[in-house]
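Here are some short exercises to work through with the structure open beside you. Try each task before reading its solution.

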Amino acid sequence: MKFLTKLLLTAFAVLVLSNLLRGIVVDNYVTAVIIAFVIAILNMFVRPILIVLTLPVTILTLGLFLLVVNAIIILMAGELVEGFYVKGFFTALLFSVLLSVFRSVLFGLLKEEK
C-alpha cells in the first residue's frame, strides 16, 4: 500500500512538473502513472549499475555527478514510455532535480500524517 501511495504521489509530481517545464510533455494521467512506475523500476535496477560504473567521476565531483545519473534515468524513461517526451539533457536534469525536491516534500507530508 505504501508503494502504491508513493507511486501516485510521484505521478502527481510528474504532472505538476510537466505543466511547469516547457520541455516535458505528458499526454495524460495514465501516462503519468506509467512514468512513475518506470522511473521506480529504473531507479531500482539501472541506477545502481550506473552509480558503480561512474563511481570515480562521482567521487571526483563530490557526488554532483549523481545529478547526471538522475537525468540519464529520466531520458531513459522518456525513451521507454510512449506519451512522455523530454526535450533535452538539461531539461531532464532540471526535471530530475525538481522531481526529487517535490517528492521529498510530498513524502515528508505523508510521514507527518501518521
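**Exercise 1. Find which helix gives the largest share of the nonpolar surface patch in this predicted model.**

Solution. Begin with the members of the patch: Leu64, Leu67, Val97, Val101, Val105 and Leu109. Together they make a nonpolar surface of about 500 Å². Next, look at helix α5, which spans residues 89-113. This helix supplies 4 residues, the largest share of the patch.

**Exercise 2. Decide whether valine 97 is buried, partly exposed or exposed.**

Solution. First locate valine 97, which sits in helix α5. Its relative accessibility is 31%. Partly exposed covers the range between the buried limit, under 20%, and the exposed limit, over 50%. Valine 97 therefore counts as partly exposed.

**Exercise 3. Describe the largest pocket: its space, its lining and the elements that contribute to it.**

Solution. Start with the space, which is about 150 Å³. Then list the lining: Phe3, Lys6, Leu7, Thr10, Ala36, Ile39, Ala40, Asn43, Arg103 and Phe107. Three elements give two or more residues each to this lining, namely α1 (2-20), α2 (29-53) and α5. Finally, sort the lining by character: 6 residues are nonpolar, 2 are polar and 2 are charged.

**Exercise 4. Work out where valine 81 and leucine 21 sit, and whether each is buried or exposed.**

Solution. Take valine 81 to begin with. Its place is the loop that joins α4 (65-80) to β2 (84-86). The relative accessible area of valine 81 is 7%, so this residue is buried. Along the chain, valine 81 and valine 38 are 43 residues apart, yet their C-alpha atoms are separated by 7.9 Å.

Now turn to leucine 21, in the loop between α1 and β1 (24-26). With a relative accessible area of 14%, leucine 21 is buried too, because buried means under 20%. Leucine 21 and leucine 94 are 73 residues apart in sequence, and their C-alpha atoms lie 8.8 Å apart.

**Exercise 5. Find what is noteworthy about the phi of leucine 62.**

Solution. Recall a general rule: most residues other than glycine have a negative phi. Leucine 62 has a phi near 55°, a positive value in a residue that is not glycine. Its location is the loop between α3 (55-60) and α4. As for its surroundings, leucine 62 has a relative accessible area of 78% and is therefore exposed.

**Exercise 6. Place phenylalanine 65 and classify its exposure.**

Solution. Phenylalanine 65 belongs to helix α4. A relative accessible area of 23% makes phenylalanine 65 partly exposed. For a sense of distance, compare phenylalanine 65 with leucine 8, which is 57 residues away along the chain. The C-alpha atoms of this pair are separated by 28 Å.

Key: Residues numbered from 1 in each chain as written. Predicted model: local features only at pLDDT ≥ 70, side-chain atom pairs only at ≥ 80, totals over all residues. Heavy atoms only, no water. Patch = residues over 30% accessible without salt bridge, like charges linked within 9 Å, V, L, I, M, F, W, Y side chains within 5 Å. Areas by Shrake-Rupley, 256 points an atom, 1.4 Å probe, with all protein chains shown as cover. Salt bridge = Lys/Arg side-chain N within 4 Å of Asp/Glu carboxyl O. Buried < 20%, exposed > 50% of the residue type's maximum accessible area, 1.4 Å probe, protein only. 1 Å grid on protein atoms, 1.4 Å probe; cavity = no way out; pocket = protein on both sides within 12 Å on 5 of 7 lines; lining within 4 Å. Points joined across faces, edges and corners; volume = space filled by probe spheres on them. Nonpolar A, V, L, I, M, F, W, Y, C, P; charged D, E, K, R; others polar.
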